[in-house]
Amino acid sequence: VHREGPTLRHHLQVMLNALSHPENFSDILPMYYQEILSKNREFFIWFILLHDIGKLRTQKDKPDGSISNPGHELKSIEIMDEFNLAAGFPSRDTLKKIIQSHMNIFVEGGIKSGNEYDFKGFLNKNNLSPKEFEFLICAVFIDMAWRHDANEVFEKVHKWGTELAKK
């Protein structure tokens with residue numbers, strides 16, 4: 001999936017470590033989310049395995065030599081359906097919603113643009129319940145834990161999770 005070679009292996013190792021030992025990330029992952037990860041391991045294992053499978057079919061070379069994968073989230077859902085992946089998993093529909101939304105939080109949520117976050121609009125547009133948003137926060141955390149800017153990104157995501165807890 002990742003043409004960068006060892007990046008995929010490293011990404012998977014860090015995601016599995018974040019899931020297996022969320023307490024190792026207590027400086028950026030509040031206890032509440034650590035508990036969600038611990039209580040829902042099977043869900044997040046499925047997320048780790050399936051959330052980027054669409055990248056092979058969406059990979060684009062950029063002029064600077066890097067690659068992008070526009071629309072890989074929806075392509076991942078298509079592949080799940082095409083091959084009936086995670087069939088029989090009771091939370092498959094929620095899993096598909098989280099996979100579909102896992103990059104939207106960066107674009108629509110204002111992380112990349114620096115815009116104010118429209119929490120309610122994001123939930124409505126992505127058809128997410130508050131509980132599903134909590135799962136999305138955990139999914140974004142384990143997806144981002146390997147990045148050099150993970151602390152900064154997750155600080156913003158956590159802020160929105162805190163807003164959620166107030167609502």
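In which helix does glutamate 78 lie? Glutamate 78 lies in helix H5, where helices are DSSP runs of H or I with at least four residues, strands are runs of E with at least two, and both are numbered from the N terminus. The structure is a predicted model, in which local features need pLDDT of at least 70 and side-chain atom pairs count only at pLDDT 80 or more, while totals for chains, interfaces and linings use all residues. Residues are numbered from 1 along each chain as its sequence is written, and side-chain values use heavy atoms, with hydrogens and water left out.

The protein contains ten helices and two strands. Their order from the N terminus is α-α-α-α-β-β-α-α-α-α-α-α. Of the 167 residues, 46% are buried; buried denotes under 20% relative accessible area, exposed over 50%, and partly exposed the range in between, with a 1.4 Å probe and protein chains only. Contacts are defined by heavy atoms within 4.5 Å. Among contacts with a separation of 6 or more, 62% join residues 24 or more positions apart.

Confidence is expressed as pLDDT, the predictor's confidence in each residue on a scale from 0 to 100. The mean pLDDT of the protein is 81, with 75% of residues at 70 or more. Among the elements, helix H5 (residues 72-82) has the highest mean value, 96, and helix H10 (residues 150-166) the lowest, 67. Over residues 110-114 the pLDDT is below 50, and this stretch has nine contacts in the model beyond near neighbours in sequence. Where pLDDT is low, the predicted coordinates should not be read in detail.

The interior was examined in terms of nonpolar cores, each a set of buried Ala, Val, Leu, Ile, Met, Phe, Trp, Tyr and Cys residues joined through side-chain atoms within 4.5 Å. The largest such core has 39 residues, of which Phe44, Leu95 and Phe141 touch the most other members. At least two residues of this core come from each of helix H1 (6-20), helix H2 (31-39), H3, H5, helix H6 (92-101), helix H8 (119-125) and helix H9 (130-144). The greatest contribution is that of H9, with ten residues. When residues up to four places away in sequence are not counted, leucine 95 touches Phe43, Trp46, Phe47, Leu50, Met80, Ala86 and Phe89. In soluble globular proteins, nonpolar side chains tend to be buried together.

Nonpolar side chains also occur at the surface. The protein exposes about 9000 Å², of which carbon and sulfur atoms supply 52%; accessible areas come from the Shrake-Rupley method with a 1.4 Å probe, and for residues only the protein chains shown count as cover. Leu16, Ile45 and Leu49 form a nonpolar surface patch with about 250 Å² of accessible area together. Patches comprise residues with over 30% relative accessible area and no salt bridge, like charges being joined within 9 Å and nonpolar side chains (Val, Leu, Ile, Met, Phe, Trp, Tyr) within 5 Å. Within this patch, leucine 49 belongs to helix H3 (residues 41-50) and is exposed because its relative accessible area is 52%.

Six salt bridges are found in the whole structure, a salt bridge being a side-chain nitrogen of Lys or Arg within 4 Å of a carboxyl oxygen of Asp or Glu. In helix H5, lysine 75 and glutamate 78 are three residues apart, about one turn of the helix, and their side chains meet in a salt bridge of 3.0 Å, N to O. Lysine 75 is partly exposed, at 23% relative accessible area, as is glutamate 78, at 44%. Aspartate 52 and lysine 55, both buried, form another salt bridge, with the closest N and O atoms 3.6 Å apart.

A further salt bridge joins glutamate 132 and lysine 97 (2.9 Å, N to O). This pair links distant parts of the chain, with glutamate 132 in helix H9 and lysine 97 in helix H6, 35 residues apart. Glutamate 132 is buried because its relative accessible area is 12%, whereas lysine 97 is partly exposed at 23%. Asp81, Arg92 and Lys96 are joined into one network by salt bridges that share partners.

Two asparagines in loops show positive phi values. Asparagine 84, in the loop between H5 and H6, has a phi of about 55 degrees although it is not a glycine. Asparagine 127, in the loop between H8 and H9, has a positive phi near 55 degrees and is exposed, with a relative accessible area of 55%.
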